[in-house]
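Me: I am new to this structure and would like to go through it in short questions. Please keep the answers plain.

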Amino acid sequence: QSLKVGLIPGDGIGVEVIPAAKEAILALGSDIPKPEFVDLAAGFEHFTRHGTALPDETVQIMKEECDCALFGAVSSPTRKVVGYSSPIVALRKVLDLYANVRPVISVAADSSQKPAVDLVVVRENTECLYVKQEELKFTENGKEARATRLITERASRHIGQMAFEIAKGRPRKHVTIIHKSNVLSVTDGLFRETVREVPTLPELAGKYDDVTIAEQIVDSAVYRLFREPQIYDVMVAPNLYGDILSDAAAALVGSLGLVPSVNAGDKFIMGEPVHGSAPDIVGQNIANPLASIRSAALMLRFLGYTKGAERIDRAVEEVVREGRELTPDLGGKGTTTGVTEAVLKKI
Ligand code: NAI
Ligand code: MG
């Protein structure tokens, strides 16, 4: 038995940090089936060279051969570039990776202490404004731009169930639904109601009785997140709010370079650091590899290889706690390769 992992480094620091995640998986030895890696192309650089950001071959190999994948980051221009469309947004759709799960956890100074921040953002991953149906019109009063925001009962139920399932497995068992249905009563209203109803569905009856539910309007959720992050356990949100909330939560634990995620569907799991391609630090061997290494662990956890995942997570925690080998985003003088070595030694 083997574990086939697709590797999509993408652009920028993705190319520097994905190899670190690969090394961490390899270091696990017999705790997981023998890993096999296949390198796959995607990203803006691939687009400028070959005219496509997501080659068909990449999708086909992922679908037909891989058990899971690790995605680095891609650079997406903030201006419209004809023919270009973000491959990560497309991949989430074609592989039906409907949930983006982003645990944000701080490392306590002492292993006997509780972390100050320990929450999971469960972000819907396929709809909301990310359906990218935008149009520009020229009217007599000037330009007018519109975007469609799609919220379906099906996707909201899916993500809601994922949130309750994750909460059930955590000590506090608490879900906070994030929305703005005071203003967007139709779209966010549907999201809020559908998620709320998940525990009452006949086929799930009794399953989530021990999970408590709260809800919070997104702007005040950000406020409370910064003032009292400990009130949150699992935060479930539509795509855009979840995207913003998880970057905000990353600031609470010191760096985006620490926060992992998985894109999860019923048939496929893809690990991905929350950060982007970080053009400001690319090529200097100072990108923090820990978000990618933790994404590998999270991916393994979702695949059921808990022991391997825990070994990686513990190694990362110890390296951060000791503070001897850290990249500049965490105040250290270390390098990408140095930090990776330190983690591999701990594993
Ligand atoms: P970013 O996440 O790339 O960087 C934000 C800040 O955090 C920068 O100062 C960067 O140096 C720092 N940072 C990020 N990751 C780090 C790491 N591992 N170690 C140390 N420092 C780190 O976001 P930004 O700058 O807004 O976007 C840059 C490009 O990345 C854009 O083209 C954007 O479209 C793309 N992007 C791609 C994502 C993806 O592929 N899923 C997600 C977010 C952005
Ligand atoms: Mg983001």
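**Contacts, core and domains**

Reply: I293 touches A20, A21, A24, I312, V316 and V343, leaving out residues up to four places away in sequence. The model is a predicted one.

Me: Which helix gives the most residues to the largest nonpolar core?

Reply: The largest nonpolar core has 98 residues, and V122, A163, M235, V236, I293 and A296 touch the most other members. The helix that gives the most to this core spans residues 290-302 and supplies 9 residues. That helix is α9.

Me: Why does this core lie between domain 1 and domain 2?

Reply: The protein chain is divided into domain 1, made of 1-97 + 264-347, and domain 2, made of 118-252. The core lies between them because residues come from both domain 1 and domain 2.

Me: How many residues does each domain give to the contact?

Reply: The C-alpha centres of domain 1 and domain 2 lie 25 Å apart. The contact takes 5 residues from domain 1 and 6 residues from domain 2.

Me: Which classes make up the side of domain 1 that touches domain 2?

Reply: On that side of domain 1 there are no polar residues. The classes found there are nonpolar, with 3 residues, and charged, with 2.

Me: Is V175 buried or exposed?

Reply: V175 is found in strand β8, residues 174-179. Leaving aside neighbours within four places in sequence, V175 is in contact with A163, F164, A167, V211, I213, V234 and V236. A residue counts as buried if 20 or more other C-beta atoms lie within 10 Å of its own. V175 has 29 C-beta neighbours inside 10 Å, so V175 counts as buried.

Me: Is K137 buried or exposed?

Reply: K137 lies in strand β6, residues 134-139. The cut-off for an exposed residue is 12 or fewer C-beta neighbours within 10 Å. K137 has 9 such neighbours, so K137 counts as exposed.

Me: What separates the C-alpha atoms of K137 and S255 in space?

Reply: K137 and S255 are 118 residues apart along the chain. Their C-alpha atoms are separated by 40 Å.

Me: Where is C128, which has a positive phi?

Reply: C128 is not a glycine, and its phi is about 65°. Most residues other than glycine have a negative phi. With 23 C-beta neighbours inside 10 Å, C128 counts as buried. Its place is in the loop between β5 (118-124) and β6.

Me: Why does N285 count as partly exposed?

Reply: N285 lies in the loop between β12 (269-271) and α9. Phi of N285 is also positive, near 60°, in a residue other than glycine. Partly exposed residues fall between the cut-offs of 12 or fewer and 20 or more C-beta neighbours within 10 Å. N285 counts as partly exposed because its number of C-beta neighbours inside 10 Å is 14.

Me: Which residues come nearest to ligand 1?

Reply: The shell around ligand 1 has 11 nonpolar, 8 polar and 2 charged residues. Of the 21 residues around ligand 1, those that come nearest are S76, G257, H275, G276 and N288.

Me: What feature does UniProt place at residues 4-343?

Reply: Over residues 4-343 the chain is 37% helix and 20% strand. The end C-alpha atoms of this stretch are 23 Å apart. The UniProt entry, which is unreviewed, names the feature "domain: Isopropylmalate dehydrogenase-like".

How values were computed:
Residues numbered from 1 in each chain as written. Chains lettered and ligands numbered in written order. Predicted model: local features only at pLDDT ≥ 70, side-chain atom pairs only at ≥ 80, totals over all residues. Near = placed C-beta within 6 Å. Nonpolar A, V, L, I, M, F, W, Y, C, P; charged D, E, K, R; others polar. UniProt positions renumbered as here; feature names shortened; annotations may be inferred. Helix = DSSP H or I, 4+ residues; strand = E, 2+ residues; numbered from the N terminus. Domains from an automatic or database assignment. Contact = placed C-beta atoms within 7 Å. Core = buried A, V, L, I, M, F, W, Y, C linked by C-beta atoms within 7 Å.
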